[in-house]
Amino acid sequence: MSGGTIEVVDLTAPLAASTPILQLPPPFANTINFGLEEISRYDDRGPGWYWNNIHTGEHTGTHFDAPVHWVTGRDGDDVARVPVRRLVAPAVVIDVTDRVAADPDFLLEIEHVRAWEAEHGPLPAGGWLLLRTGWDARANDQEAILNADETGPHTPGVSVACAKWLAEEAPIIGIGVETVGTDAGAAHSFEPAFPCHAYLLGADKYGLTQLRNLDRLPPAGAVVIAPPLPIVGGSGSPIRVLALVER
Ligand code: MN
């Protein structure tokens, strides 16, 4: 790193009250926005120091989904129990930006992954599949990132068959996306609903959301460091995701 041959790329969205969050329709309960609550700032409450309380959901901003987040993984690991050796891992990037530009409801299929593998080699054992969609361009705008109309949100994701295959057959530890959740906007209507969550978390795999700067990673060869906070019993955690890229 000091010699300049390894670049550190930040894949994380800044965490602020304005950071977009996912929104479930009624009757489901929703998460809160991030919030900063000042305790003191070099004033009567603490003359020499500045500090805050933070208010956040586990699934706010760039965050990590643990197996226990989904009912299919209810007996799996929470964020504090995820083995740390799995959290420094190789990553590949499948770029579907062009397809998503033409169709915001684009779904990654097994054949897209197979075509990528034919060009770049097999998916990495114990590694991440990062799905580049161009959706990070919408990362600062709650309405644009959800892209909802009267039929619901329209955002890219993974098909049911591909999610099942990634969970049960592919050697990856999880999937990372640029959207607010690992599933497509229309995935509430899939069978099963939210297949990325249902299949991957149920198979002791993980999710990463609201990533950015995936365009600065090679198709293969990066190493991603993605450790969630060890929230005891936690289903997820806001996270700083870093990639190491050899130049
Ligand atoms: Mn989540």
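**Entry 1: the metal site**

I started with the manganese ion and looked up its protein donors: His59 through ND1, His63 through NE2 and Asp65 through OD, at 2.1 to 2.3 Å from the ion. A reminder to myself: this is a predicted model. I then went along the sequence and found that the donor residues follow the spacing H-x3-H-x1-D. Next I checked how far two of these donors are covered by protein. His63 is buried, at a relative accessible area of 2%. Asp65 is buried as well, with 2% relative accessibility.

**Entry 2: cysteines**

How many disulfides does the count come to? I got zero. I wanted to know why, so I took Cys162 and looked for the closest cysteine sulfur. That sulfur belongs to Cys196 and lies 7.7 Å away, which is too far for a bond, given that a disulfide needs the two sulfur atoms within 2.5 Å. I repeated the search from Cys196 and was led back to Cys162, again at 7.7 Å. I also asked myself whether Cys162 is buried or exposed. Cys162 is buried, at 0% relative accessibility. Cys196 is buried too, with a relative accessible area of 2%.

**Entry 3: the cavity**

I searched for enclosed space next, and the count came to one cavity of 30 Å³ or more. Its volume is about 40 Å³. I wrote down the lining: Asp65, Ile175, Thr182, Cys196, His197, Leu200, Leu201, Tyr206 and Gly207. Two elements, α5 (195-202) and β12 (206-208), each give two or more residues to this lining. Which element has the largest share? That is α5, with four residues. By type, I sorted the lining into five nonpolar residues, three polar and one charged.

Two names here were already in my notes. Asp65 is a donor of the manganese ion and also lines the cavity. Cys196, from my cysteine check, is part of the lining as well.

**Entry 4: a look at Glu7**

Last, I picked Glu7, which sits in strand β1, residues 6-10. Glu7 is partly exposed, at 25% relative accessible area. What does Glu7 touch, leaving aside residues up to four places away in sequence? I found Arg216, Ala243, Leu244, Val245 and Arg247. I also compared C-alpha positions: Glu7 and Ala222 are 215 residues apart along the chain, and their C-alpha atoms are separated by 9.8 Å.

Terms used. Residues numbered from 1 in each chain as written. Predicted model: local features only at pLDDT ≥ 70, side-chain atom pairs only at ≥ 80, totals over all residues. Heavy atoms only, no water. Donors = N, O, S within 2.8 Å, 3.2 Å for Na, K, Ca; no water. Buried < 20%, exposed > 50% of the residue type's maximum accessible area, 1.4 Å probe, protein only. 1 Å grid on protein atoms, 1.4 Å probe; cavity = no way out; pocket = protein on both sides within 12 Å on 5 of 7 lines; lining within 4 Å. Points joined across faces, edges and corners; volume = space filled by probe spheres on them. Nonpolar A, V, L, I, M, F, W, Y, C, P; charged D, E, K, R; others polar. Contact = heavy atoms within 4.5 Å.
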